[in-house]
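Please examine the sequence and the structure below. The account that follows moves from the surface to the backbone and then to a charged residue.

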Amino acid sequence: MSATTDLPKAPADASKAALDSAVNQTVNGFTDAGASSDDAATCSNKDAANASEYRTVFQDANNFNVKHPLYNRWTLWFDNPSQKGMTSARGTKESWGDDMNKVVDLDSVEEFWGLYNNIVPPSELPQKANYYLFKQGVKPAWEDPANTNGGKWSIQLPRDKTRAAIDRLWLYTMLAAIGETLEAPFPDGVPPSSNSAEDELVTGVIMSARANFYRIAIWTRKAEDTEELAAKLLDIGKQFKVNVLGYDIDAKIGAGLTSDVEFQSHKESEKKKGKKTVV
């Protein structure tokens, strides 16, 4: 049975060609392993038949069986400290584990949209509630080794004036995170050969709802301890301000309950007047 598709002919043909190529590689590998020509032919016929059964979400939104993997695996967390009368989203070490709820792990585009379409949007979150979307294995806490020496880019927006736009801004922030577009592009578009988490600065993004404002933050693994690192962090801030939030790079936006797009290390944020970098 052939899968129906709403894709234009060229993309549909390209998709089928890619799947056929993958099937052929499997068949060739089977033959190289020493299988007989009859076995290879049988395998080829079976896989060719199965190729017509491959369906992406673009072809069948309800019955797709091919996923589009993300570069990293992510975890969504949620907490609502107001339920315990806490005064800080960070809380205390003793209460953090009890208050934080792991929602789901995801590693594909389809899983992300399935999640996004079935959770409460930021505009409807109660006061002091938080969403945390972090790379798998990294807890959304300062004490996690991946965050201890890092910092965050953030913006604060007035709740009454931003409620209509906050859902879109949070969505764009999450898409930029899972799409790996917050950091400067890899040279030649190729990820680091080491494939080490240490090569990636962004560890997660946070959406916080408060009585009078919303705050969106991007957490990083490191802070500005070298000139090269400071330049990379600045690029993340510019990307966040211009391509995610939609401001002009030279726009002055800090006024009232609206903050500038600013970076501060976690260590500096514990000081009364810690150092900040603004874009």
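**A walk through the predicted model**

Val109, Trp113, Tyr172 and Leu175 together make a nonpolar surface patch of about 310 Å². Two elements, α4 (109-116) and α5, each give two or more residues to this patch. The model under discussion is predicted. In general, an α-helix has 3.6 residues a turn, so residues three or four places apart point the same way.

Tyr172 is a useful place from which to continue, as this residue lies in helix α5. With a relative accessible area of 36%, Tyr172 is partly exposed; patches are made of residues with over 30% relative accessible area, so on the score of accessibility Tyr172 qualifies for the patch.

Helix α5 itself spans residues 159-178 and contains a kink of about 60°, centred on Ala165. Following α5 comes Glu180, a residue with positive phi. The phi value of Glu180 is near 60°, and the residue is not a glycine. Glu180 is placed in the loop between α5 and β5 (202-209), and its relative accessibility of 24% makes it partly exposed.

Where else does a residue other than glycine have a positive phi? Lys128 is such a residue, with phi near 75°. Lys128 belongs to the loop between α4 and β3 and counts as partly exposed, at 30% relative accessibility. As background to both residues, most residues other than glycine have a negative phi.

Attention now turns to a charged side chain. Asp144 is located in the loop that joins β3 (130-135) to β4 (151-158). Is Asp144 buried or exposed? Asp144 is buried, and yet it has no salt bridge. The nearest side chain of opposite charge is that of Lys139, 6.5 Å away; a salt bridge requires a separation within 4 Å, so the pair of Asp144 and Lys139 does not count as one. Leaving aside residues up to four places away in sequence, Asp144 touches Gly137, Val138 and Lys139.

These local features belong to a protein chain with seven helices and eight strands. Of the 279 residues in the chain, 40% are buried. Among contacts with a separation of 6 or more, 71% are accounted for by residues 24 or more positions apart. The chain exposes about 15500 Å², of which carbon and sulfur atoms supply 51%.

Notes: Residues numbered from 1 in each chain as written. Predicted model: local features only at pLDDT ≥ 70, side-chain atom pairs only at ≥ 80, totals over all residues. Heavy atoms only, no water. Helix = DSSP H or I, 4+ residues; strand = E, 2+ residues; numbered from the N terminus. Buried < 20%, exposed > 50% of the residue type's maximum accessible area, 1.4 Å probe, protein only. Lys, Arg positive; Asp, Glu negative; His and termini not counted. Contact = heavy atoms within 4.5 Å. Bend = angle between axes of the 7 residues up to and from the residue. Patch = residues over 30% accessible without salt bridge, like charges linked within 9 Å, V, L, I, M, F, W, Y side chains within 5 Å. Areas by Shrake-Rupley, 256 points an atom, 1.4 Å probe, with all protein chains shown as cover.
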